[in-house]
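Please open the structure in your viewer and keep the selection tool at hand, since this tour moves from one selection to the next and says what can be found at each stop.

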Amino acid sequence: MVVFPGSNCDADVLHVVQQVLGQEGRFVWHREEDLSGFDCVVLPGGFSYGDYLRPGAIARFSPVMRAVTAFAAAGGLVLGICNGFQVLLEAGLLPGAMLVNDSVQFRCLETWLRVENAATPFTVACRPGQVLRVPVAHHEGNYYADPATLAELEAQAQVVLRYVNQNGEETPEANPNGSARNIAGIINRYGNVLGLMPHPERCAEPILGNTDGRYLWNSLLSWVQQGGGRVV
Amino acid sequence: MIGLRHLPGAGQGQMLYSGRIHVTLKSGVLDPQGDTVARSLLALGYDQVKQVRIGKYLQVGLEAEGQEEARAALEEMCRQLLANPVIEQYEIEVVPA
């Protein structure tokens, strides 16, 4: 769990990893530069560096991001949630950028996500087309990429999660932020770096009334347990 | 933050410049804030308003040997940090500080 000044979902993710999944995990401060020994690095949600300039714009120059980039290049699993997704976009580890939500509001609500690619390390425990209920909470989640990039993402099955309604239908109403093609989460070409705006760490226990996030965490866990995290 | 008033005086052969930078969304990129402000202006009766685009204005005080060097440095800053080339464009004006 990488911690930037202003991260605020880091403890939630560590709780899920340790208490819910029963795995080892620790915080990595943004000044650290060594990620050796980790199976997966999570960039958590929050407001790194106060979201100054643009969300993620300052965080991407943190010392730890050099290590994250090297970790990803070596095939390590990297998961960016919400602000973590924004950091991955700013760092160029994922294509595209985030615009302000089309409603111009901070949207904090339940969304339904359709699993578009169930063959990634982050979704192997899901059925293709499965619909998950996962909450979002953000102001800049309106995913943008030029038409060529969007076409490439679709062609390579890099759109992993899409906002849909409860019936699994892709509608404008189901899209909380105006995101291009209802995109909620994308993965890089090599399949080891995933960014998503919804928060799977907020729906991983029965006491929270929703355990759909477990499908993503269980995917990650089973992937790592069945042969290590390296993808490339 | 370093305010302009905190900058040390110009070094040997160096001049102080002020870079005035406008960062705006590229044309064609949706600007939800601008659209909302445009609707507000129309609601206030400004029927002549056709479009509003919202951007950022940055003032960067810097030392350089000349205006061109200052501009080149500012260009690099825009490319690296101040603008996101996926969605934004920038305009730079350099004036003696």
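Contact here means that heavy atoms lie within 4.5 Å of each other. Keep in mind throughout that this is a predicted model.

**Stop one: where the two chains meet**

Colour chain A and chain B separately, and then select the residues in contact across the boundary: 17 residues belong to chain A, and they touch 16 residues of chain B. The size of an interface is often given as the accessible area lost when the parts come together. Between chain A and chain B the buried area is about 1300 Å², and carbon and sulfur atoms give 70% of that area. Now pick out Leu53(A), Arg54(A) and Leu99(A), which together supply 39% of the area that chain A buries against chain B, more than any other three residues.

**Stop two: a pair across the boundary**

Keep Arg54(A) selected and add Glu88(B), so that both side chains are shown as sticks; because a side-chain nitrogen of Arg within 4 Å of a carboxyl oxygen of Glu counts as a salt bridge, the N to O distance of 3.6 Å qualifies this pair. Side chains of opposite charge can pair when their charged atoms come close. The count of salt bridges between chain A and chain B is 1, whereas the count over all chains comes to 15. Following the backbone from each partner, you will find Arg54(A) in the loop between strand E3 (40–43) and helix H2 (63–73) of chain A, while Glu88(B) sits in strand E3 (residues 88–96) of chain B.

Across this interface there are also 4 residue pairs in polar contact, with both residues at pLDDT 80 or more. Which elements give two or more residues to the side of chain A that touches chain B? They are strand E5 (97–99) and strand E8 (142–144) of chain A, and E5(A) gives the most, with 3 residues. Sorted by class, this side of chain A has 10 nonpolar, 3 polar and 4 charged residues.

**Stop three: two unusual backbone angles to inspect**

Stay in the loop between E3 and H2 of chain A and select Tyr49(A), which has its place there and which has a positive phi of about 50° although it is not a glycine. Then move to the loop between strand E4 (77–81) and helix H3 (83–90) of chain A, where Cys82(A) is placed; the phi of Cys82(A) is near 60°, again a positive value in a residue other than glycine.

**Stop four: the cavity**

Rolling a probe the size of a water molecule over the atoms shows where empty space is left. A search of the whole structure finds 1 cavity of 30 Å³ or more, and about 60 Å³ of space lies in the largest cavity. To see its lining, select Leu79(A), Phe122(A), Leu194(A), Leu196(A), Pro200(A), Leu216(A), Trp217(A) and Leu220(A). How do these residues divide into nonpolar, polar and charged? There are 8 nonpolar residues in the lining, with no polar and no charged ones. Finally, highlight strand E11 (193–196) and helix H5 (214–225) of chain A, each of which supplies at least two lining residues; H5(A) gives the most to this lining, with 3 residues.

Technical notes:
Residues are numbered from 1 along each chain as its sequence is written. Chains are lettered from A and ligands numbered from 1 in the order in which they are written. Side-chain values use heavy atoms; hydrogens and water are left out. Buried area is the accessible area (1.4 Å probe) that two parts lose on being put together, summed over both. A polar contact is a pair of N or O atoms within 3.5 Å; within protein, one must be able to donate a hydrogen and the other to accept it, and residues adjacent in sequence count only if both atoms are side-chain atoms. Helices (H or I, at least four residues) and strands (E, at least two) are DSSP runs, numbered from the N terminus. Ala, Val, Leu, Ile, Met, Phe, Trp, Tyr, Cys and Pro count as nonpolar, Asp, Glu, Lys and Arg as charged, and the others, Gly among them, as polar. On a 1 Å grid over the protein atoms alone, a cavity is a set of points where a 1.4 Å probe fits but cannot get out, and a pocket is an open set with protein on both sides within 12 Å along at least five of seven lines; lining residues have an atom within 4 Å of a point. Grid points are joined across faces, edges and corners, and a volume is the space filled by probe spheres set on the points.
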